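Dear colleague,

I am passing on the structure we spoke about, with the sequence alongside. Please look it over before reading my notes.

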Amino acid sequence: MKTTKHGLLLLLLIGCFLLPAPRAQAFLDPVTIAILAPIALKVADTAKPYVIRGLTTAGKQLIQMGIDTFGILRLPWGLVQSTIGAPLGGFQPGLVNIFKGLIAPVRLVWDTLLLPLALFGVQVN
């Protein structure tokens, strides 16, 4: 019983690797391409403002994500400010930088989750 299962499994594995996979071929008819090209150009012209708006909002969102990424560096800078710079009056600005540095990863995650919406042209910020 066990040998037949192993034999069938071996036969199935050999068959999967030795049989050729079916190939897909595109239908390249020059007449069809010539007929559909003007329609495709009209569709592209219609979609162009939406694509440009989506790319610009996505670019703005990526810039905001970069700002949030650099905002994470405010946490160690705030720690340095509030400890070493405390005698020089850097305690309160250090606490502000610590707080903003703690908020920055949350904002980065939020902006990352909003990136797909920005690709569709939705501005949330």
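Below is what I found, arranged by region.

Please keep in mind throughout that this is a predicted model.

I begin with helix H4, which covers residues 91–119. The 29 residues of H4 should span 42 Å at 1.5 Å a residue, and the C-alpha atoms at its ends are 41 Å apart, which agrees with that expectation. H4 nevertheless bends by about 30° at Leu113, and a proline, Pro116, follows within four residues. The buried residues in H4 are Gly94, Asn97, Ile98, Gly101, Ala104, Asp111, Leu114 and Ala118.

One of these, Asn97, has a relative accessibility of 9%, and it counts as buried because that value lies under 20%. Setting aside residues up to four places away in sequence, Asn97 touches Arg74, Leu75, Trp77, Gly78 and Gln81.

H4 is also tied to helix H2, which comprises residues 30–71. A search of the whole structure finds 1 salt bridge, and it joins Arg107 to Asp68, with the closest N and O atoms 3.4 Å apart. The pair links distant parts of the chain, since Arg107 belongs to helix H4 and Asp68 to helix H2, with their positions 39 residues apart in sequence. The two partners are not alike in exposure: Arg107 is partly exposed, with a relative accessible area of 41%, whereas Asp68 counts as buried at 4% relative accessibility.

Another residue of helix H2 is Thr57, which counts as buried at 5% relative accessibility. Leaving aside its neighbours within four places in sequence, Thr57 is in contact with Ala118, Gly121, Val122 and Gln123. Of these, Ala118 is itself among the buried residues of H4, while Gly121 lies just after H4 and takes a positive phi of about 90°.

Elsewhere in helix H2 there is Ala40, which is partly exposed, with a relative accessible area of 45%. Ala40 and Leu55 are 15 residues apart in sequence, and their C-alpha atoms are 21 Å apart in space.

The last feature concerns the surface. Trp110, Leu117, Leu119, Phe120, Val122 and Val124 make a nonpolar surface patch of about 620 Å². One of its members, Phe120, is placed in the segment after helix H4, and Phe120 counts as exposed because its relative accessibility of 67% is over 50%. Val122, also part of this patch, is one of the residues in contact with the buried Thr57.

If you open the model in a viewer, which residues would you select to display the salt bridge? They are Arg107 and Asp68.

With best regards

Methods: Residues are numbered from 1 along each chain as its sequence is written. This is a predicted model: local features need pLDDT of at least 70, side-chain atom pairs count only at pLDDT 80 or more; totals for chains, interfaces and linings use all residues. Side-chain values use heavy atoms; hydrogens and water are left out. Patches are made of residues with over 30% relative accessible area and no salt bridge: like charges are joined within 9 Å, nonpolar side chains (Val, Leu, Ile, Met, Phe, Trp, Tyr) within 5 Å. Accessible areas come from the Shrake-Rupley method with a 1.4 Å probe; for residues, only the protein chains shown count as cover. A salt bridge is a side-chain nitrogen of Lys or Arg within 4 Å of a carboxyl oxygen of Asp or Glu. Helices (H or I, at least four residues) and strands (E, at least two) are DSSP runs, numbered from the N terminus. Buried means under 20% relative accessible area, exposed over 50%, partly exposed in between (1.4 Å probe, protein chains only). Contact means heavy atoms within 4.5 Å. The expected span of a helix is 1.5 Å times one less than its number of residues. The bend at a residue is the angle between axes fitted to the seven residues ending there and the seven starting there.
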